[in-house]
Amino acid sequence: MLQPDAKRLFLSMLLICGCLAPSCSSCAAPYSSYTYNFWGNAVPAPHAYVPARILKSSEIGATPTSSLVDLDVHDDVVYLVDARNGVVILLDHDFRVIGKISRLVGGQGSSALSNPHGICVVDEDRILIADRDNSRIVAVDIHGNVKQEIARPKNAEDWLFPADFRPEKVAVDPAGRVYALAAGVYDGIMTFTPDGEFRGYIGAPRVRPNIIEYIWSRLATREQRERQVLFLPVEHSNVTVDSRGMLMATVSAGAINPEEVVRRLNPAGTDVLIRRGFFPPAGDVGAAYVPAFNDVLPRSYGMYSAIDRNSGRVFTYDANGNLLYVFGGHGQLDGLFQNPVAIAEMNGRLLVLDSATNQLTLFAPTEYALLIHRAIAAYNVGRYKEMEAIMQEVLRLNSNYELAYGWIGRALLMQEEWARALEMFRLGNDREGYSRAFRELRRQYIEDRFGAIVLVFCAALLCWALVPRLKRRLLTTGGSSEPAPSGDSMASPTKTTWLRELLNGLAYGWHVIFHPLDGFEKLKSEKRGSIASASTILLMVTLTYVVMRQYTGFVFNPRDLDRLNILLEISSVLVPFVLWCVVNWALTTIMLGKGTFGDVYIASSYALIPLIVVNFPLTFVSNYLVLEEGAFYYLALTLGVAWAVILLVVGTMVTHEYTLVKTVYTTIFIVAGMMFAMFLGVLFVSLLDRVYLFVSDIYTEIALRT
Amino acid sequence: MCVTRKGGSSVLLLGALILIILGLDAACAQPSSQGELEGFDVVAENEHLVLYLNAANTEIAVQDRETNAVWYSNPPHRNVRDTIARGEMKERLNSQLLVSYYTPGDRLITINNYTESVRYNQYQITPIDTGVRIEYLLGKQWEDDAYLPVFIDQDCLEQLASQLADERDRQLLSKHYALMQLVETGPDYEPVQVAQVDAAQVFGNYTVTDPRVQGMSSSARQKLINSLLDKIVTYRSDVKNRQSIAAAHIPQRLKERAAYVLNSGLLPWDVQDLVEVFRRAGLDPRLTEEQHRNYGIDPPRENPLVFRVPIEYTLEGDALVVRIPAGEIDWRVDVPGPSGGETETYLLYKIQVLEYFGAMFLTDEGYLFVPDGSGGLINLPRAPGDHGTYERPVYGEDPAITGMKPQVGGGFLEQVHLPVYGIKAQERALFAIIEDGDAFASISVNTAGRVNSYSSVSPQFTVVPKSEASLQGSVSHRVRQQTVNIYQPRPYQGDIRIRYLFLTGSEAGYVGMAGRYKQYLIDSGQLRDRVPAPEGPPLLLDITCGITRRKSILGIPVLQTERLTSYRQVKSVVGSLMNQGISHIDVRLVGWMGGGIEHGFPDRVRVDSALGSREDLRELIDYLHENSIGLYPEVNLLNVYRNGLFDSFIVWTDAARFLNKKVARIGQARFPDLLTSPVRYHYILSPHSLGRLIDAVAEDYRRLQICGLASTDLGMQLSSDFRVNRLIDRQQSLGTLCSELRKLSDSGFSLLAGGGNAYVLPYLSRLIQAPARASGFSIIDESIPFYQLVVHGHLFFSYQPFNLGEDPKWLMLRSAETGAVPYYSLTYEDASLTKNTEFDYLFATSHKDWAARVADCCRRINAVLEGTWDQGIINHEQLQPGVYRTTFESGTTVIVNYNPQPVQIGELVIDGESFARGPLWGVEE
């Protein structure tokens, strides 16, 4: 079928290519790429990296007995560690096997590697291998000549040094200091001087048992405690050094603060990783599994990519901890992993090693990833205009990318285009940026209309000064207008008195909140409030919260407005209120309280008036505040609540004619009672759920059998 | 025809149950030149092929007359060559059929026809027109005791004895059986004493006698009575010992007639001999059963685990056709259990046909072809230790079983769209087409080194689809979930038919297979005529009009239509592309109906007022028509996304059902893990209601003067309706779908669908989301454009939109390689409008960002593919790793380089990740 020419060419090409694996013409990403939006929902994104080549174990020099565990790339040479065979395999840029390091020449220890687990290549003459079962870190050159051995010192008086030294990972910083992770060592990362002298540990991750485990272990007897799983201190899973000489470490399991699974340690051992993204750089948001990071790859401009064994995904973050893109996944298709253990970069492409299949997967960046990288580079060197242009391209490829909006907004801030920046920050859900742009806009607005604003202010002041006088004059002249409504009430007496009563009751609320002792007293004794007015107040409180959720300014409103549910909002006000009333009434009846349920209901409703008084205007004002003024906003919110709480207590005291002391402990009982009631409620609901399940099961079974 | 029945030369195989008579005319039989075919006899032949059968083990072989190459149903010399298979796997190598069944305890067990049928001689070979039919009975039907009647009517036994040719056999019978009868005692009767039994009470005024003997001696009578009582104690489960024998236990039948009763004290070899004699006499165990029942003796129990499976091999022209009439497959249902309590059924679940037909040995070179996605090759021999299996259902999973919508392409697994597979050995190839039963088929592969030394690919057919119902533990929280199997109440009744083609020489390869398949489809009217050549660069354009957005106004959720492109704006999107010289555009209009992309039940096509008036739509249709641009408005026909109050869709009657009788409500899993609980649901429309819906839609489309119709799911979703009283199985559903599509296409609609399962091919004029590659299973070494080789030139197809989802660069290269039409998805408004909606997968569609690029891409692809759009592909080959050449009928070649670095092919230098038109085919020679 082939023409002679083509045939010859084909054959010659075959010869030239030798064992060259077919380039992945059929590979496509077998995963969906995504990113997280501000609300923690995964949103689709274009692929950032796609598998370019799958290197099967037989192609990269692994045997069926191999167990490839670590990977490093230096100068276009790939170094693979085969733990079981005790070999380091060297591949060239085209992934052909060019050599192996298996026998070591010189040195005091064994001349073979025994279960090596980690590798760090400084250059061809200094390759550090964590030779696990030989209890040493050995530095060799590319031919296997031993240059240095770091083992347990002979004079082992140094009690800090582990008795059983089994190094698993190794890293070297630009100054030549050696860092190692060893099995069973929980004190942190072991550090050695360039001469191999042990200098101690840095960066032990803090153990954080969760609160229930903690309480449980306090309560348990000694035997019970012994039967429990030990709180194993946390071990790092990998360590590497970034271009600035900082250590980057990952933690794959253990009772650690979930935010701290990826860490960047300064020389003092302090975690200095910036976590300012929407979510901490710790893998999937709200995932059903516990992320377990196996390796991290520091990249340019503070970016880093970390691989999560449990999801098989590679997460890439920028220096601020923003999630840039995700690729990979768990599975058996080409381009997915079963147990990814190491990641390395080679000419802009990423290599991921899977120890379950002994396969290497080469990922190539798409246009999308390259644009993001270019934008970060431009931003880091201060070329904001260029960055904005690149980010516009990114948005063309992915309009879901909130980060891009934020970055464009930032660039626009630099260019003082406040209005456009504001829009971009809103799309990017960047409240901080939004606030900055808004402040400038507000300033501009005020500057532009300074004269007018002063004028309006003066007018308002004048009004304020004049109105009382006018009012007084009006009252004297319009005194005769008072009976007019009563004339109306003659026409439809019941309706109007009802309305009047309600309005009077509501108006009395103003008195109550400022003079609570007197107010509550009269509420009860003189029936100044009614069930109707109390219910109206309650309705208004509920409405306040709905309005607040919907109309609070963007800066102070971190909720997804499109997913607002009115029933939830209403019940979040009503349920605690009703609980309070019921428990209050129930408890005070047995504690010689003088109030009826109606009294309690009315007093409690009136006590909530401050929430209306404070929250309504505050919602309006919040639209014109910037983040820095948030303190005022939150203070006002808190004052409103505090006021209402005090009124509740005072209300209880007055209604039941208690002393202050008795009120205090009654209140405590009521709160406890509310909690108990809620607990019962939850119990009841879960019981109902069981019953429902039971009935539906019976139904299913009957349906199946007939 | 060479199969006749001639007494002299016929081979007589005597089974106790089944008599196999196979006659072969010696004059007609081809003296097989090769020793390979020893034991085989010719059963059919024509000018292309000869079909052989080995009657002793029912292996078949097919010989190609032209090359004399022989294909065996079971690998020859397997006993010598195979070193891996052991135990059951070794026997399985001898089989032609594998039957998997579920035990009453829901355990899946697989048996083969060699172990369970051929070895027991439970098969019957019948010659049929141009071939042969073999009926297997799998599972040993009767144990030996069924051939040894304890009581038997006198005439029955005598008639059996008369069947025996050998006098010694007859003697054996008479030696071990004693004739006896119950007769009333005469006045001269002298009572006989029997140990432990009160004879007077048990027999009353009857006694036992041999009717042939007059005046029996007391001792002879005593012997007969003892024998009778012994039999009652031994063969009645309700009688423990002699003391408990009562009058009721004495067979009353003996009063009316004489019967032979087996003697006591038989030796084991006597038993064996007797069984043999009865088998020879042709005793039907059912007779034993009947007789035993008549005499109150425990009848022998028929094995409940028996499957009757017929298979027919016929030659049709150059093809071997294997047919299993699934309606004739039979097994026992609701057999009373051994203790007579609960009934039990061993349910035949699936059948695997000719697993080792053409199997390749461990070291053989070649490949297996599987139709995964666009097609995949499994290269042979495999590297040591690299062996695996593969099994995928044809046409994807049934959503009414899995409860999930099939996901096609875009990083998910590709479907098996074509019911074909193949095997290539060095100089020859085998290609199989599943002609019927395809909706229940799956393709399975086993590579050498795993369980035996042979690699093979074969089809499996699920005769009884099955699903699981889980019963949650309701009492306490963590009771383990109990699952029970539920089965389709009616097994598949149609045919299973596979056509095997035998390819040789240059045709033996995937390109040749594709050619033969294409020819087969054309000949059987399953592929359309050639497409007309487009003028100018072709383009397929998705334009999304409206989507819904869940909004909240003061906390009250509202569903709003978000306009992405109004009807008028469609014109300007299309116009801007036409201005750039892209003239041959087909527009798939998405989300144009009320309710956007996930519109309500479309029994009445409503125009969405947020997108424009009916008049605007009319204008748009006219505009597109004037500019001869194809318009395919998308409508969901198979799934119902919104169940309105006032439409004619009633969930109870119109939605399909799951096997657990519940309405088939499918959850759409949320991105990206597909793990989180679904937030949106849709119903599968029952195939029953499909016709009504399609009529209504066609009517409305006609009224709007639209003559194109797009419904993506049509080509990739095939679902049953397991509603109890009107079950529509998957094959029937396929039939319904096809007839509806034929109706549409006959009434002048041009259709667009997605995925492209084989059954929709005759009715489509455009295909989207065509399989671009095989799924990336590690067992598949190479993905080949088999699908494209078949349909190119007969169908315009496209893959995924270039601007969404997949790597656009790769899509472009693949489109150029395989002649796919460029495909983009655009909206007039900015794509950021889809942010924070369910349709955020439309993340890069703004037409102002993309128009220029779309035009550029179309021109680039058309530059190499111009003139080939209406041509078939005649060759596809790999020139070097990552470099492929496709040759079209006209001789145009296209070379695509997937490598990042440039390559030189002859005089031609092709940049990295680029493509070029190669020299005309044959010009260099």
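**Close-up views of a predicted model**

**Figure 1. Surroundings of A:Val170 in the predicted model.** Leaving aside neighbours within four places in sequence, A:Val170 is in contact with A:Gly118, A:Ile119, A:Cys120, A:Leu128, A:Ile129, A:Ala130, A:Ile137, A:Val178, A:Tyr179, A:Ala180 and A:Val239. The residue belongs to strand β12 of chain A, which covers residues 167-172. With a relative accessibility of 5%, A:Val170 counts as buried, because the cut-off for a buried residue is under 20% relative accessible area. A:Ile372 lies 202 residues away from A:Val170 along the chain, and the C-alpha atoms of these two residues are separated by 31 Å.

**Figure 2. The hairpin of β16 and β17 in chain A.** Strand β16 of chain A spans residues 236-241 and is mostly covered, six of its six residues being buried. A:Val239, one of the contacts of A:Val170, falls within the residue range of this strand. The partner of β16(A) is strand β17 (residues 247-251) of chain A; the two run antiparallel and are joined by five bridges. Within this pairing, A:Asn238 stands opposite A:Thr250 of β17(A). Five residues lie between the two strands of the hairpin, and in the turn A:Gly245 has a positive phi of about 85°.

**Figure 3. An open sheet of four strands in chain A.** The strands follow the order β3-β25-β24-β23, and their pairing is antiparallel. At the edges stand β3 (49-55) and β23 (340-346), each with a single partner strand, so one side of each is left without a neighbour in the sheet. On average, neighbouring strands of this sheet are turned by 25° against each other, direction ignored. In general, strands of a sheet pair through backbone hydrogen bonds, either parallel or antiparallel. The edge strand β23(A) is joined by six bridges to strand β24 (residues 349-354) of chain A, and these two strands run antiparallel. One of the residue pairs is formed by A:Ile343 and its bridge partner A:Val352 in β24(A).

**Figure 4. A nonpolar patch on the surface of chain A.** The patch has an area of about 600 Å² and is made by A:Leu660, A:Val661, A:Val664, A:Tyr665, A:Ile668 and A:Phe669. Among these residues, A:Tyr665 lies in helix α18 of chain A, which comprises residues 660-705. A:Tyr665 is partly exposed, and its relative accessible area is 38%.

**Figure 5. Surroundings of B:Gln460 in chain B.** B:Gln460 is found in strand β28, which extends over residues 454-462 of chain B. Its relative accessibility is 6%, and B:Gln460 therefore counts as buried. When residues up to four places away in sequence are not counted, B:Gln460 touches B:Lys350, B:Ile351, B:Gln352, B:Glu391, B:Phe440, B:Ala441, B:Ser442 and B:Ser444. B:Val894 is 434 residues away from B:Gln460 along the chain, with 38 Å separating their C-alpha atoms.

**Figure 6. Chain A as the setting of the views in Figures 1 to 4.** The secondary structure of chain A comes to 18 helices and 25 strands. The chain has 706 residues, of which 50% count as buried. Its accessible surface comes to about 34,700 Å², and carbon and sulfur atoms make up 63% of this area. Of the contacts in chain A with a separation of 6 or more, 54% are between residues 24 or more positions apart.

Note on methods:
Residues are numbered from 1 along each chain as its sequence is written. Chains are lettered from A and ligands numbered from 1 in the order in which they are written. This is a predicted model: local features need pLDDT of at least 70, side-chain atom pairs count only at pLDDT 80 or more; totals for chains, interfaces and linings use all residues. Side-chain values use heavy atoms; hydrogens and water are left out. Two strands pair if DSSP finds at least two bridges between them. Axes are lines fitted to C-alpha atoms, for helices over the stretch in contact, and angles run from 0 to 180 degrees between N-to-C directions. Patches are made of residues with over 30% relative accessible area and no salt bridge: like charges are joined within 9 Å, nonpolar side chains (Val, Leu, Ile, Met, Phe, Trp, Tyr) within 5 Å. Accessible areas come from the Shrake-Rupley method with a 1.4 Å probe; for residues, only the protein chains shown count as cover. A salt bridge is a side-chain nitrogen of Lys or Arg within 4 Å of a carboxyl oxygen of Asp or Glu. Buried means under 20% relative accessible area, exposed over 50%, partly exposed in between (1.4 Å probe, protein chains only). Contact means heavy atoms within 4.5 Å.
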